[in-house]
Amino acid sequence: MKMLRTRKEERRAYLLLVLPAVLLYFAVVAFPMVFSIWMSVSDYSGGQIFGGSTPVKLIGFSNYSRMWNDKYFWISLKNNVFIVLISVFGQIPLGFVLAYAINRGRVRAKGFFQTIIYLPCVISSVIVGILWQTIFSPYGPVTELMQRSIPGWENNLLSNPRTAIIPVLLVMLWMYTGTYFIIFLANLQKIDQQVLEAARIDGATEGQTLRYVILPALSGVIVTSAILAISGSLKSFDLIYAMTGGNPARRTSVLALYMYDTAFRGAPNYPLANAVSTFMMAFSFLLIIITKLVEKRFGGREE
Amino acid sequence: MNMVQQTIVDPSKKNKRRKSYLKSSEVGLFSRLFFGVVLTLFSVLSIMPLVWLALSSFKTTQEFQMNRLGLPVNWFFKNYVFAWEIGNMGTLVLNSVFYTTISTIAVVLFSMTAAFAFAKIKSKATPFLYGSFVIGILLTVQSIMVPLFLMANLVDLLDTRLGVLIPYIGLGLPIGVYLCTEYVKSIHDSIIESARIDGAGYFKIFGRIVFPMAKPVISTLSILNVLSVWNEFMLINIIVSRESLKSLPVGIMKFSSALTSDYGKQFAALVIGLLPLLLFYLAFRNKITEGVSAGAVKG
């Protein structure tokens with residue numbers, strides 16, 4: 001009898017404890033996710049879902065084929081790929097080098113460097129975007145500096161459609177390297193000092209210690225950082241929205257911005273926008289799976 | 001540990017003050033120099049744009065056009081007064097504080113209660129429920145933005161504070177539930193069992209034992225949530241259009257160069273906009289860097 005009462009009490013407590021989180025999560029995250037995928041294969045254009053004057057039809061993958069044939073989709077995707085590349089092959093290695101330098105170089109004022117290098121990451125990307133837009137603008141300091149060395153230099157950094165993405169990528173390098181720096185620094189400090197000591201006594205050089213001790217010990221962290229970089233790169237929106245607005249001629253657009261323009265600028269096309277966001281999810285999962293496979297194939301030992 | 005090290009290390013090279021395996025003399029002068037240069041260079045690059053911004057914010061727009069790089073000749077403080085008034089900065093800051101505080105409290109509380117249930121009360125529902133939260137970590141706000149907009153429209157929550165708060169709390173939950181559950185799992189069952197035997201109910205155990213014991217994860221989660229909610233732009237930008245409800249990142253878009261060429265005020269507005277989080281960062285920098293790396297690696 002007592003047993004039965006405790007079971008009942010247990011159940012009630014469980015239910016009450018999980019209820020707020022589950023309710024909120026399913027209402028504003030899980031359900032919209034399913035809703036979005038459903039919308040992407042329908043011709044829903046807002047308004048009532050059931051019992052409207054024109055019933056919503058499922059139209060298969062025609063939204064996706066429309067997206068596939070839009071040149072702005074490909075421009076956006078290409079820019080997203082650039083951002084993934086600058087994160088994985090720019091921010092992560094640079095972050096590692098900086099963390100390694102601070103950890104290995106026995107630098108004084110460690111805390112000072114750490115505070116400064118991570119600083120850009122805590123500023124809103126909208127503010128960063130506006131700031132750099134001015135810095136790179138024809139009226140900004142970059143023009144001034146360049147004209148001092150090359151008189152008559154003309155600033156078309158952000159107005160040339162073919163190269164406007166480059167300043168954006170540089171800003172991303174400036175802003176997000178600190179995140180990977182922090183992650184690597186925390187994990188470098190976790191490596192067992194005795195193992196490193198042993199390597200040194202065995203006469204390992206700096207490079208050998210790095211190659212055979214430190215990098216293998218960090219392989220898990222490197223993969224996690226890569227996954228973080230990939231999913232982060234695919235969602236980038238604020239910085240570009242504030243810095244270029246996707247212009248000139250939508251040449252610096254990214255998938256998130258393309259989706260936003262489709263849904264909230266001009267005549268809204270919700271199904272197409274949801275096809276884009278569903279594609280973004282799928283693409284992100286695909287890249288993460290590839291990263292995991294690469295790790296399995298070539299990776300060092302797991303921790 | 002110290003003893004072991006001392007027995008291994010060649011006594012002639014022993015230096016108790018340096019705990020690291022490398023003595024300064026053993027890192028070549030060249031690599032020390034190289035590391036130092038790399039660090040200094042990148043630090044200067046990190047901070048220069050912000051220093052330049054701060055200095056420029058004290059120039060009038062006319063002076064800025066003549067003198068883009070140097071120190072201000074006449075320090076002009078009025079930019080801040082104008083920017084504060086034009087930009088409605090007081091309202092923006094208060095709104096951001098409001099959204100951030102309320103959503104963080106809710107995310108922490110709901111994540112912790114759910115985590116306690118998932119980790120310490122047996123139920124057949126746990127694998128499914130907990131699993132759906134974990135999947136949600138990989139989700140991005142874009143993939144649910146259009147549905148959220150349409151749903152908010154349907155229930156008349158567009159342009160309301162609640163319409164901003166509800167999605168913020170929901171989006172904070174996946175990582176919150178995950179971090180808290182993993183942490184609560186590490187609390188010994190015996191502590192909870194003995195409290196049960198003493199006759200304590202689950203809510204009492206939660207309030208008196210589990211919640212206080214979870215302080216480290218609560219501070220990590222709070223920091224992650226404050227940073228992400230304070231800087232969130234995309235969602236609130238479509239939910240809210242009324243001036244009085246905008247947050248700092250949305251409101252500050254008014255000062256984009258596309259819309260203004262009044263640089264003095266723009267710079268002052270940007271400085272005002274980045275100050276709150278900068279102060280938060282300087283006050284809690286160690287906690288923040290710890291929290292970010294812990295959250296990132298586990299997530």
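**Entry 1: helix 8 of chain B**

What span should the 25 residues of helix 8 (residues 161-185) of chain B have at 1.5 Å a residue, and how far apart are its end C-alpha atoms? I worked it through on this predicted model. At 1.5 Å a residue, the expected span is 36 Å. The end C-alpha atoms are 35 Å apart, so the two figures agree.

I then looked for bends. Helix 8 of chain B has a kink of about 40 degrees at B:Leu173. The proline B:Pro174 comes shortly after that point.

Next I checked cover. Of the 25 residues in helix 8 of chain B, 20 are buried, and I noted the helix as mostly covered.

I picked B:Tyr178, which lies in this helix. Buried or exposed, with 22 other C-beta atoms within 10 Å? The cut-off for buried is 20 or more. B:Tyr178 has 22 and is therefore buried. Leaving aside neighbours within four places in sequence, I found B:Tyr178 in contact with B:Phe133, B:Val134 and B:Ile137. I also took one distance along the chain. B:Val155 is 23 residues from B:Tyr178 in sequence, and their C-alpha atoms are separated by 30 Å.

**Entry 2: the loop before helix 8**

I moved to B:Asp159, in the loop between helix 7 and helix 8 of chain B. Its phi is near 65 degrees, a positive value, and the residue is not glycine. I noted this because most residues other than glycine have a negative phi. B:Asp159 has 15 C-beta neighbours inside 10 Å, so I logged this residue as partly exposed.

**Entry 3: B:Val141**

B:Val141 sits in the loop between helix 6 (126-136) and helix 7 (145-154) of chain B. I expected nothing in particular and counted neighbours. There are 20 C-beta neighbours inside 10 Å, so B:Val141 counts as buried.

Which residues does B:Val141 touch, not counting those up to four places away in sequence? I found B:Leu171, B:Met234 and B:Leu235. B:Leu235 is 94 residues away along the chain, yet its C-alpha atom is separated from that of B:Val141 by 7.5 Å.

**Entry 4: chain B overall**

I stepped back to the whole chain. Chain B comes to 15 helices and zero strands. It has 299 residues, and 41% of them are buried. I also looked at contacts between residues at least 6 apart in sequence. In chain B, 77% of these join residues at least 24 apart.

**Entry 5: how far to trust it**

I checked confidence. Chain B averages a pLDDT of 86, and 89% of its residues score at least 70. Where in chain B is confidence lowest, and where is it highest? The lowest is helix 1 (residues 2-8), at a mean of 37. The highest is helix 5 (residues 89-120), at 96. Over residues 1-25 of chain B the pLDDT is below 50. That stretch still has 19 contacts in the model beyond near neighbours in sequence. Where pLDDT is low, the predicted coordinates should not be read in detail. For the model as a whole I wrote down ipTM 0.88 and pTM 0.88.

**Entry 6: chain A, helix 3 and a loop**

Helix 3 (residues 71-104) of chain A has 34 residues. From first C-alpha to last I get 48 Å, close to the 50 Å expected at 1.5 Å a residue. The helix has a kink of about 30 degrees, centred on A:Ser87.

Then I turned to the loop between helix 10 (238-243) and helix 11 (255-264) of chain A, where A:Pro248 is placed. The peptide bond from A:Asn247 to A:Pro248 is cis, with omega near 0 degrees. A:Ala249 is in the same loop, between helix 10 and helix 11. Its phi is positive, about 50 degrees, although A:Ala249 is not a glycine. With 12 other C-beta atoms within 10 Å, A:Ala249 is exposed.

**Entry 7: core and contact between chains**

I looked up the largest nonpolar core, which has 165 residues. Which residues have the most contacts inside it? They are A:Val276 and B:Cys180. Leaving aside neighbours within four places in sequence, A:Val276 is in contact with A:Met67, A:Leu255, A:Tyr258, A:Met259 and A:Thr262.

Last, the contact between the chains. It takes 83 residues from chain A and 81 from chain B. On the chain A side, helix 1 (residues 2-40) gives the largest share, 19 residues. By class, I noted 54 nonpolar, 20 polar and nine charged residues on that side.

Key: Residues are numbered from 1 along each chain as its sequence is written. Chains are lettered from A and ligands numbered from 1 in the order in which they are written. This is a predicted model: local features need pLDDT of at least 70, side-chain atom pairs count only at pLDDT 80 or more; totals for chains, interfaces and linings use all residues. pLDDT is the predictor's confidence in each residue, from 0 to 100. Helices (H or I, at least four residues) and strands (E, at least two) are DSSP runs, numbered from the N terminus. Two residues are in contact if their C-beta atoms, placed from the backbone, lie within 7 Å. A nonpolar core is a set of buried Ala, Val, Leu, Ile, Met, Phe, Trp, Tyr and Cys residues joined through C-beta atoms within 7 Å. Ala, Val, Leu, Ile, Met, Phe, Trp, Tyr, Cys and Pro count as nonpolar, Asp, Glu, Lys and Arg as charged, and the others, Gly among them, as polar. The expected span of a helix is 1.5 Å times one less than its number of residues. The bend at a residue is the angle between axes fitted to the seven residues ending there and the seven starting there.
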